[in-house]
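Me: I should like to understand how the terms used for a protein model are justified. Please set each value against its definition.

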Amino acid sequence: MSGTGTTSTITLDDGTPAFRKALSPAPTGFFVFEAAGLQALYEFGAKVPQVYEVTDDQLVIEMVEAQDANRISHPEYTFGQELARLHRDSQLAAGPDQTFGSLEGVYHWFLGAARINLQPTATLYESLVVNRIMPLTQRCIDAGRLDSAAFDMANALTEHHFGASERPTLVHGDLWAGNRMVDASGASWLIDPSCHWGHREQDIAMMQLFGGFGPEVLDGYEATFPLADGWRERIPAFQLVPLLVHTLLFGGGYGAATLQAFEHTLQGGA
């Protein structure tokens with residue numbers, strides 16, 4: 001997404017090649033949020049670049065040499081299994097007091113270049129709808145990028161549109177194909193997270209939004225940690241946050257796609 005800064009390769013003092021992301025001036029907590037997300041994903045078994053340095057204006061991380069996943073034997077099924085284990089293990093580790101939303105100790109939250117609200121909440125509905133979908137919808141309307149009827153649609157969303165209740169799950173939060181890298185060994189790496197405690201179908205829905213993941217990914221996921229019945233019909237509901245962010249940042253056809261997602265969800269697709 002635009003507004004996330006510039007990137008470059010650098011060499012550390014000890015000769016180690018590294019990848020640098022910089023933005024000056026950056027919003028408060030911008031790179032701290034990303035670094036915290038990488039650490040949280042690592043703690044639950046994901047392969048992520050090591051963080052070498054994080055400051056107000058830059059993030060320096062391990063260099064990962066990406067390869068074309070299509071040229072490497074069977075990384076997709078394995079990646080599906082790995083994502084399922086990340087979701088399953090974090091869900092199992094979530095204690096009875098685990099809230100939806102922010103990682104502990106993080107107070108500024110972003111999806112791409114857009115500020116979002118990940119203030120901890122007791123329910124998924126509060127986190128997704130009250131704190132993100134409704135405010136983002138209003139911001140899009142105020143910016144002239146979404147029809148005002150969208151706010152009534154957002155207000156009509158209920159808990160049932162997001163399926164049966166599940167315990168909070170650590171999600172990547174921005175899992176489009178560009179934020180998953182495959183190295184020469186076929187190992188999958190996760191980068192650029194908008195990491196928080198949410199619902200695992202958020203990651204699944206984001207993976208469907210722009211394509212780039214083969215069907216074998218879902219095969220591997222389902223074999224490891226099956227999704228609840230009806231998950232395919234809930235995809236538009238769980239795509240609303242990224243669609244709204246894209247509408248806010250880019251406008252164009254994203255506004256129409258957002259309205260379609262609202263309509264599908266409210267017409268009984270969930």
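Me: What phi does G251 take, and where does G251 lie with respect to helix α8?

Reply: In this predicted model, G251 comes just after α8 and has a positive phi of about 65°.

Me: What makes helix α8 mostly covered?

Reply: A residue is called buried when its relative accessible area is under 20%. In α8, which spans residues 240-250, nine of the 11 residues are buried, and the helix is therefore described as mostly covered. The buried residues are L240, V241, P242, L243, L244, V245, H246, T247 and L248.

Me: Why does S188 count as buried?

Reply: The relative accessibility of S188 is 5%. The cut-off is under 20%, so S188 counts as buried. S188 belongs to strand β9, residues 188-190. Leaving aside residues up to four places away in sequence, S188 touches K47, P75, F79, E82, R180, M181 and V182.

Me: How far apart are the C-alpha atoms of S188 and G101?

Reply: They are separated by 25 Å, and the two residues are 87 residues apart along the chain.

Me: Why are α2 and α6 called oblique to each other?

Reply: Two packed helices are described by the angle between their axes and the distance between the axes. The axes of α2 (residues 75-93) and α6 (residues 215-224) cross at roughly 40° and come within 6 Å. Angles under 35 degrees would count as roughly parallel, and 65 to 115 as roughly perpendicular. The crossing angle of roughly 40° fits neither range, and α2 and α6 are therefore oblique. The crossing in which α2 passes α6 is right-handed.

Me: Which residues make this contact, and how are they divided by class?

Reply: From α2, the contributors include E76, Y77, F79 and R88, while those from α6 include E216, V217, Y221 and T224. By class, the contact has seven nonpolar, five polar and five charged residues.

Me: What makes a group of residues a nonpolar core?

Reply: The members must be buried residues of the nonpolar kinds, such as Leu, Ile and Phe, joined through side-chain atoms within 4.5 Å. The largest such core here has 69 residues, of which I133 and F162 touch the most other members. Helix α3, residues 124-142, supplies the largest share of this core, eight residues. Apart from this core lies another of five residues, including V64, A187, W189 and I191.

Me: Which residues does I133 touch, not counting residues up to four places away in sequence?

Reply: I133 touches L128, A154, L157, F162, L240, V241, L244 and F262. Among these, L240, V241 and L244 are buried residues of α8.

Key:
Residues are numbered from 1 along each chain as its sequence is written. This is a predicted model: local features need pLDDT of at least 70, side-chain atom pairs count only at pLDDT 80 or more; totals for chains, interfaces and linings use all residues. Side-chain values use heavy atoms; hydrogens and water are left out. Buried means under 20% relative accessible area, exposed over 50%, partly exposed in between (1.4 Å probe, protein chains only). Helices (H or I, at least four residues) and strands (E, at least two) are DSSP runs, numbered from the N terminus. Contact means heavy atoms within 4.5 Å. Axes are lines fitted to C-alpha atoms, for helices over the stretch in contact, and angles run from 0 to 180 degrees between N-to-C directions. Angles under 35 degrees count as roughly parallel, over 145 as roughly antiparallel, 65 to 115 as roughly perpendicular and the rest as oblique. A crossing is left-handed if the near helix is turned anticlockwise from the far one by less than a right angle, and right-handed if clockwise. Ala, Val, Leu, Ile, Met, Phe, Trp, Tyr, Cys and Pro count as nonpolar, Asp, Glu, Lys and Arg as charged, and the others, Gly among them, as polar.
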